[in-house]
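Dear colleague,

I am passing on to you the structure that we spoke about, and my notes on it follow below. Please read them with the model open beside you.

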Amino acid sequence: MAVLVSGQGSILEAMVAEGVPVALVLADRPCRGIEWAKGAGLSAHLVDRADFGGFGPDFDRDTFTTRCTEVLELEDPTLVAMAGFGTIFSPSIFERFGGRMLNTHPSLLPAFPGWHAVRDALEAKAVVTGCTVHLATEVMDVGPILSQGEVVIDPRWGEAELHEAIKTIERSLYPATIKALLADHGRREAPRGERGGAT
Ligand code: GRF
């Protein structure tokens, strides 16, 4: 597994605690997630957006994407999991890792796509929201859904409390979904005699 982070990295931490085999962590900016990965002895790589034009109109998305693809290729991961990753890649990365890139999003997609899903759910006075683990595609937040978890919104909650409640679900749902995918991949990759069936 490769895991991509931009922030706290609490979902990355949960993956490692749940036994997800994380071989590489990549961050697009200095953040707690990459520091935690280094401290945990993981192969940790910073491909800093600041070196590619930052967050303004000068951001060189194509070159940044190419550099991230090169870093991921160091481990040739079975799956690439975005866990709070804050950059949209250029389409080229999907030529290399398409069908193997996952994301977790803090809403019940297709409801509330985009960067402010938690705030949008509150503003819409939704009663229930949650999280969605899905395949990442060239278009943000629309890839095939793999799993979802619901959170009933306590009307007293603000954005931070609701996001934390959602992340509590993400920290179990995302590792469980990944482990199921890896087990399925392992079964398909295993040579015939090791599948447990008749020879
Ligand atoms: C998660 O809620 C994820 O869905 C969103 O960012 C959050 C990441 O949290 N895109 P953390 O950095 O793993 O704590």
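Which residues lie nearest the centre of the largest pocket? They are Gly84, Phe85, Thr104, Pro106 and Trp115, and they belong to a lining of 36 residues. Please keep in mind throughout that this is a predicted model.

The pocket is the place to begin, since the ligand takes up this space. The volume of the largest pocket comes to about 800 Å³, and its lining is made up by class of 14 nonpolar, 16 polar and six charged residues. At least two lining residues come from each of H1, S5, helix H5 (117-123) and H6, with H6 giving the most, namely four residues.

Turning to the ligand itself, the residues around it are Gly7, Gln8, Gly9, Ser10, Ile11, Gly84, Thr104, His105, Pro106, His163, Lys167 and Glu170. Sorted by class, this shell holds two nonpolar, eight polar and two charged residues. Helix H1 (10-17), strand S5 (101-105) and helix H6 (159-189) each contribute at least two residues to the shell, and H6, with three, gives the most.

Three contacts to oxygen atoms of the ligand deserve a look in the viewer. At glycine 9, a backbone N or O atom lies 2.8 Å from an oxygen atom of the ligand, while at serine 10 it is an N or O atom of the side chain that is 2.6 Å from a ligand oxygen. Isoleucine 11 again uses the backbone, where an N or O atom lies 2.9 Å from an oxygen atom of the ligand. Taken on its own, the ligand has 370 Å² of accessible area, and the protein covers 87% of that.

Two points of backbone geometry remain, and both concern loops. Most residues other than glycine have a negative phi, and most peptide bonds are trans. Against that background, the peptide bond from leucine 109 to proline 110 is cis, with omega near 15°, and proline 110 lies in the loop that runs between S5 and H5. Aspartate 76, for its part, has a positive phi of about 40° although it is not a glycine, and this aspartate is found in the loop between helix H3 (61-73) and strand S4 (80-82).

When you first open the model, I would suggest starting from the ligand and the residues around it, among them Gly9, Ser10 and Ile11, and then turning to proline 110 in its loop between S5 and H5.

With best wishes

Terms used: Residues are numbered from 1 along each chain as its sequence is written. This is a predicted model: local features need pLDDT of at least 70, side-chain atom pairs count only at pLDDT 80 or more; totals for chains, interfaces and linings use all residues. Side-chain values use heavy atoms; hydrogens and water are left out. A residue is near a molecule or strand if one of its heavy atoms lies within 4 Å of it. A polar contact is a pair of N or O atoms within 3.5 Å; within protein, one must be able to donate a hydrogen and the other to accept it, and residues adjacent in sequence count only if both atoms are side-chain atoms. Accessible areas come from the Shrake-Rupley method with a 1.4 Å probe; for residues, only the protein chains shown count as cover. On a 1 Å grid over the protein atoms alone, a cavity is a set of points where a 1.4 Å probe fits but cannot get out, and a pocket is an open set with protein on both sides within 12 Å along at least five of seven lines; lining residues have an atom within 4 Å of a point. A molecule sits in a cavity or pocket if more than half of its atoms lie within 2 Å of its grid points. Ala, Val, Leu, Ile, Met, Phe, Trp, Tyr, Cys and Pro count as nonpolar, Asp, Glu, Lys and Arg as charged, and the others, Gly among them, as polar. Grid points are joined across faces, edges and corners, and a volume is the space filled by probe spheres set on the points.
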